[in-house]
Amino acid sequence: MSFKFNFDIDADGEDVETDGVETTPGVPVEQTPSNSSTSRVSAQLHSLDELISKLPPHIAFSPLVIPSTSTKSITIPRRELFDVKMQLMTEDNNPSTNPNQSFSAAFTDEDIRTNTYEGGLKSWECSSDLVKQLATDSEAWTNSPHRILELGCGTALPSCYILQTLLATPSDHPVHLTLADYNIDVLRLVTLPNLILAYLHATNGLPTTDPSVTEGPEETPEIELTPTLISDFLSALQSHKITISFLSGSWSPAMISLIHGGLDYPSTADETTYSLLLASETIYSPSSIPDFVDMIEHTLANTGKGYIAAKDIYFGVGGSVKDFVDIVEKKSWKWEILREEKRGVGVSRVVGVVSKS
Ligand SMILES: C[S@@+](CC[C@H](N)C(=O)[O-])C[C@H]1O[C@@H](n2cnc3c(N)ncnc32)[C@H](O)[C@@H]1O
């Protein structure tokens, strides 16, 4: 099933309606069987080194500015989608370097193609709401050791915000960050590039556009991913005691098992559960909400907090905050809404926190 939700975020943090759509926003344009265990993509663990080896030589980026209060804003640089498409086109023309020729959704207008591409190349509205909430609650993830899991990370704005904040100040607390996305291609094409951009932003290493150039089209800034830059990135992580790992594939018992080091679960061991779980726009499909809740059940520490950002309802697709909260309540977990956003006549969005105790 492919969907056009019609909402992602433009560079000044505003929601933009994407063009070229003939269907009602959010209405499926092609019905096929929904997600099921038979169509699961097998889960795989990826090291930072493995994904570094898949990086392109350079990336183009632009800063996303998220207004956090009436006077403050948060800037998060992210890789440009056109640059991702150029990389995929180059790889398509050279089958020997193309790891996955079926990743064609990036070339289309589709936001989601069920069981093939789950929307991770674009930044979705709720991810900027989650960034704002993380800024408000910064004591929840600074000043103590943490294990953080972002499920359905895509462009990973929340994790990038955490990373750039942690790297901008000295800290002695170990932090482990795991980023999970349905598509390995999303992890290599946008998630890791954005984490590197977050490091450069934190260390003032990004090129700025030349203010003296007032005429002509502005060039999109680019960075070269040189061995020196990568080695400096790794050293900065090491000196801040930050480790990063990645998971690709469907939410599944296999993914949970990988998280627990291949061990049986349930596990309450602090070494493998997460103190902080982040997820934005991951509950749009009713068929995958139970799998998503299973992930929380078996990976969130008993004392941990899961920040979930979502639209109240996903018209045409069917998922909703209510569907999610119904399951959470059946498990006697707690759910608290921390933030509500509504602009114009659009659907309301919430950021809530789920906890087991
Ligand atoms: C709409 S995108 C949101 C991306 C990002 N969190 C954001 O808000 O910009 C949904 C994300 O959920 C993940 N996802 C959806 N269904 C999934 C499933 N069944 N298993 C694993 N991941 C899934 C995909 O990785 C995808 O990146």
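In this predicted model, one open sheet is built from three strands, lined up as β6-β5-β10 with antiparallel pairing. Its edges are taken by β6 (73-79) and β10 (222-224), each of which pairs on one side only. Going from one strand to its neighbour, the sheet turns by 35° on average, direction ignored. Strand β5 (residues 58-67) is joined to β6 in the antiparallel sense over seven bridges. Within this part of the sheet, S62 sits opposite R78 in β6.

A helix goes with this sheet. Helix α5 lies across β5, β6 and β10, and its direction runs at about 135° to β6. Helix α5 (residues 184-202) also has a helical partner, helix α4 (residues 157-167): their axes come within 8 Å and cross at roughly 30°. Angles under 35 degrees count as roughly parallel, and α4 and α5 are therefore roughly parallel to each other. The crossing of α4 past α5 is right-handed. On the α4 side, the contact involves C160, L163, Q164 and L167, and these meet N194, L195, A198, Y199, H201 and A202 in α5. Sorted by class, this contact of α4 with α5 holds seven nonpolar and three polar residues, with no charged ones.

The model also has an open sheet of eight strands, and here the pairing is mixed. Reading across, the order goes β4-β11-β9-β8-β12-β13-β15-β14. At the edges stand β4 (44-47) and β14 (334-341); each has a single partner strand, so one side of each is left without a neighbour in the sheet. The twist from one strand to the next averages 20°. For edge strand β4, the pairing with strand β11 (residues 242-248) is antiparallel and spans four bridges. There, S47 is found opposite S245 in β11. Helix α3 (residues 125-136) packs on the eight-strand sheet, where it touches β12 (274-280), β13 (300-311), β14 and β15 (349-355). The direction of α3 makes about 135° with that of β13.

A further helix pair is formed by helix α8 (residues 289-299) and helix α9 (residues 321-330), which pack at an angle of about 45° with their axes 10 Å apart. That angle makes α8 oblique to α9. As for handedness, α8 passes α9 in a right-handed crossing. The residues making the contact are I289, P290 and V293 from α8, together with D323, F324 and I327 from α9. Five of the residues in this contact of α8 with α9 are nonpolar and one is charged, while no polar residue takes part.

That leaves the ligand. The ligand is surrounded by 22 residues, and the closest of them are G119, G120, W124, G152 and G154. By class, the shell around the ligand is made up of 12 polar, six nonpolar and four charged residues.

Notes. Residues numbered from 1 in each chain as written. Predicted model: local features only at pLDDT ≥ 70, side-chain atom pairs only at ≥ 80, totals over all residues. Axes fitted to C-alpha atoms, helices over the stretch in contact; angles between N-to-C directions. Helix = DSSP H or I, 4+ residues; strand = E, 2+ residues; numbered from the N terminus. Parallel < 35°, antiparallel > 145°, perpendicular 65-115°, else oblique. Left-handed = near helix turned anticlockwise from the far one by under 90°. Contact = placed C-beta atoms within 7 Å. Nonpolar A, V, L, I, M, F, W, Y, C, P; charged D, E, K, R; others polar. Near = placed C-beta within 6 Å. Pairing = 2+ DSSP bridges.
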